[in-house]
Amino acid sequence: MPFDLSARLAERRAAHLYRQRPLLASPQEVHIRVDGQPLLAFCSNDYLGLANHPEVAEAMVDGVRRWGVGGGASHLVIGHSEAHHQLEEALADFTGRPRVLLMSSGYTANLGAITALVGQGDTVLQDRLNHASLLDAGLLSGARFSRYLHNDVASLEKRLAKATGNTLVVTDGVFSMDGDLADLPALCAAAHQRDAWMVVDDAHGFGCLGQRGAGIVEHYGLGLDEVPVLVGTLGKAFGTAGAFVAGSEELIETLIQFARPYIYTTSQPPALAWATLKSLQLLRDESWRREHLARLIVRFRAGASALGLELMDSPTPIQPLLIGDSARAMQLSAGLRERGILVTAIRPPTVPQGTARLRVTLSAAHSAADVDRLLEALQQALSHLPEIEA
């Protein structure tokens, strides 16, 4: 038999790396029902608590009444509705950039942007811990592809010195598994010195960072000259789905002409764009969500540190607890679930070998009491973990 799939699956189970889908039977909130069990969740990317906001839900319903359900075709055929267009204009204003292009997902946004801008004879340089969609885009572009050490400007500079053709320097804004920030000012300076373009995927920064929630570029006070290509997703802090690329008029027109994932994909449902307009309004107007979230982050980090847990250098809602061993991370996750808390264990190959962790994510929908309950459950679950064998 040429494809021995059973052996591959058995090997993954034996390494404590087997993935399973929890079945959610309630809306995306902090108090949910999964596989029939009521749980307090700390594993969603719904950072501002907008995924089930009543005004966003009502906007979605209103959008269905106006435009129906399906997009019907690609944007370039007949799928580009007034709702899509209004959202693009609103996001351009929000990001302070001339234009925005809506995409169906963060994965296709990264794939489309990178493969449209570089090809054979060019160079793509990426942070070693970038999201899989960025890494895949670099590999598929046909350009010379290299990864620099995580957030290491000296490592990037060595690779820039060997770059050929048009060169992209690509980084996450907030790293999804560690929660730390890209050293964007230094990375941009290094790229600018070599006439390279910066591509920043700020999937986890929008809504959470910056005075207005406009993400890591606003956080550092950078503009279009420093970061020509800015990617954001709508399925996290915005609470809906889809993604966008923000940049110059020439960039967006280039993507419309050459980004295959855009050209050959049916547009997202117009009602979804209409709902996202409402979530963008809430994100901009209700700054208390970011302020409350910031207080929860401080509270959790102080409590976890007091328990002796190994925190990572993260000022964001992503607060990983480094465990190391995959089996032990799974045991701790199971111990929390027994106590009514849902926190996902993240294991290789999503993270490097020996760095399995619990990826705690906080939301503006959590209360201080919710965070205290998580800390108490962590303390109890840790005390019941088997001793580490010498």
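Strand 13 (residues 356–361) is a good place to begin in this predicted model. This strand is mostly covered, with six of its six residues buried. Ala356, Leu358 and Val360 point one way from strand 13, while Arg357, Arg359 and Thr361 point the other way. Which residues does strand 13 meet in its partners? Gly324 has Ala356 as its bridge partner in strand 13, and Ala345 stands opposite Leu358.

Here are some of the strand pairings, side by side.

| Strands | Sense | Bridges |
|---|---|---|
| Strand 10 (residues 318–324) and strand 13 | antiparallel | six bridges |
| Strand 12 (residues 345–346) and strand 13 | antiparallel | two bridges |
| Strand 1 and strand 2 (residues 37–41) | antiparallel | four bridges |

Strands of a sheet pair through backbone hydrogen bonds, either parallel or antiparallel.

Now to an open sheet. Three strands make it up in the order 1-2-11, with mixed pairing. Strand 1 (31–34) and strand 11 (341–342) are its edge strands, and each of them pairs on one side only. Within the pairing of strands 1 and 2, Ile32 has Leu39 of strand 2 as its bridge partner.

Next come the nonpolar cores. The largest one holds 80 residues, of which Leu91, Leu184, Phe238, Phe244 and Phe300 touch the most other members. Helix 12 (residues 270–285) gives the most to this core, seven residues. Apart from the largest core lies another, of 25 residues, including Ala113, Val199, Ile252 and Ala259.

What does Leu184 touch? Leaving aside residues up to four places away in sequence, Leu184 is in contact with Thr171, Met198, Val200, Ile216, Val217, Tyr220, Leu222 and Val227.

Conventions: Residues are numbered from 1 along each chain as its sequence is written. This is a predicted model: local features need pLDDT of at least 70, side-chain atom pairs count only at pLDDT 80 or more; totals for chains, interfaces and linings use all residues. Side-chain values use heavy atoms; hydrogens and water are left out. Two strands pair if DSSP finds at least two bridges between them. A nonpolar core is a set of buried Ala, Val, Leu, Ile, Met, Phe, Trp, Tyr and Cys residues joined through side-chain atoms within 4.5 Å. Buried means under 20% relative accessible area, exposed over 50%, partly exposed in between (1.4 Å probe, protein chains only). Contact means heavy atoms within 4.5 Å.
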